[in-house]
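Please open the model in your viewer and keep the sequence panel beside it. The tour moves from the whole chain to single residues, with a selection to make at each stop.

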Amino acid sequence: MISWSAESEDVLMTTYVNRYSVFGKTIETRVVYDKAINKYKLRFISIKPMNEIEVSLLTILTPHFKFTIDYVQDNNIVMLYPSPEAELYDDLHAVSTYVDSLVTLLIELLSYSNNPLLRSEINYELVSRNWILDLSEESASMFKVYDTKVGIIRVTVELEHRQLELGRVKVDVLIRAITTLKCIVDSLVNKGFSAQIVYEDLGVAHLIGEFPSLGILTLIASKIDEMINDVEKSCS
């Protein structure tokens, strides 16, 4: 979750700011707490430096997240301003949920623009990391079996939209573990998964998750690899 710093405060409002650096860029978010109406107002999200190609990619996100884009070309800064329906929130947690979802996808876009891959390159990279890929024109799926210190974890990913289209990715997790089963399940639930079946006496569990994604398969694979690595460390 996003960590906010109170930058300034007076009798009318408090200004909160968050700065995040990635790929040589700074993403800054500003929120104002309006004491008169007891609401948090998302003022803007800025990204710098940005080029015109990266700005054009941002338009993929505008319909879903309801913001407008202003590109200050002289300073290579992009300003994202929320529309009225995405501007006011009851608390900072609600703001963080919105911003965190948006920033996650922004990072996907920036990663893709820094390292675009051909279809053949995507296949090679995933296979080299032990992912089995089934790629068609309209959809994609892939799976990987992790033989970890805490148990065997099989992850299946289903993508029902094309790369660089905003949609959702479905992740199915099957776990075979004995003493560490509860720890693994709890760790994945904390990461947004929902436990469907848990048989502690048999050491078997099934979880599912659904997350917003731009369909960049190599990034999805990297996130899942990192997630399983975190689970293995925390449950060892």
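What follows is a sequence of selections, each with a description of what is there.

This is a predicted model, in which local features need pLDDT of at least 70 and side-chain atom pairs count only at pLDDT 80 or more, while totals for chains, interfaces and linings use all residues. Residues are numbered from 1 along each chain as its sequence is written, and side-chain values use heavy atoms, with hydrogens and water left out.

**The whole chain**

Begin with everything selected: the C-alpha atoms fill a box of roughly 60 × 40 × 30 Å along the principal axes. The secondary structure comes to 6 helices and 13 strands, where helices (H or I, at least four residues) and strands (E, at least two) are DSSP runs numbered from the N terminus. Of the 236 residues, 44% count as buried; buried means under 20% relative accessible area, exposed over 50%, and partly exposed in between, with a 1.4 Å probe and protein chains only. The protein exposes about 12700 Å², of which carbon and sulfur atoms supply 52%, with areas from the Shrake-Rupley method and a 1.4 Å probe, only the protein chains shown counting as cover for residues. Among contacts (heavy atoms within 4.5 Å) between residues at least 6 apart in sequence, 52% join residues at least 24 apart.

**Strands 2, 3 and 4**

Select residues 13-22, which form strand 2, together with strand 3 (25-34). These two strands pair in the antiparallel sense over 10 bridges, pairing being assigned if DSSP finds at least two bridges between two strands. Within this pairing, Arg19 stands opposite Glu28 in strand 3. The hairpin has 2 residues between the strands, and Phe23 takes a positive phi near 55° there.

Now add strand 4 (residues 39-48), which pairs with strand 3 in the antiparallel sense over 9 bridges. Arg30 has Phe44 as its bridge partner in strand 4, and in this second hairpin, with 4 residues between the strands, Asn38 takes a positive phi near 55°. Strand 3 is largely enclosed by the rest of the structure, because 9 of its 10 residues are buried.

At the end of strand 2, select Val22, which counts as buried because its relative accessibility is 13%. Leaving aside residues up to four places away in sequence, Val22 touches Ile27, Ile107 and Leu110.

**Aromatic pairs**

Next, display the rings of Phe, Tyr and Trp (its six-membered ring), which pair if their centres lie within 6.5 Å, planes under 30 degrees apart counting as stacked, over 60 as edge-to-face and the rest as tilted. By this rule the count comes to 6 aromatic pairs. One of them is the tilted pair of Tyr16 and Tyr40, at 6.2 Å centre to centre with 45° between the planes. Tyr16 lies in strand 2 and Tyr40 in strand 4, so the pair ties together parts that are 24 residues apart in sequence. Both Tyr16 and Tyr40 are buried. Trp131 and Tyr146 form an edge-to-face pair, at 6.3 Å centre to centre with 85° between the planes. This pair links Trp131, in the loop between helix 4 (119-128) and strand 8 (132-135), to Tyr146 in strand 9 (residues 140-147), and both residues are buried. Adding Tyr33 to the selection shows a cluster in which ring pairs link Tyr16, Tyr33 and Tyr40.

**Two nonpolar cores**

A nonpolar core is a set of buried Ala, Val, Leu, Ile, Met, Phe, Trp, Tyr and Cys residues joined through side-chain atoms within 4.5 Å. Of the 36 residues in the largest core, select Leu61, Leu80, Tyr98 and Leu102, which touch the most other members. Helix 3 gives the most to this core, with 11 residues. Residues touched by Leu80 include Phe44, Phe67, Leu102 and Leu106. Apart from this core lies another, of 31 residues, among them Met142, Val169, Leu207 and Ala221.

**Strands 10, 11 and 13**

Finally, select strand 10 (residues 152-159) and strand 11 (residues 167-176), which pair in the antiparallel sense over 8 bridges; here Val157 stands opposite Val171 in strand 11. Strand 11 is also joined by 10 bridges to strand 13 (residues 204-213), running antiparallel, and Val173 stands opposite Leu207 in strand 13.
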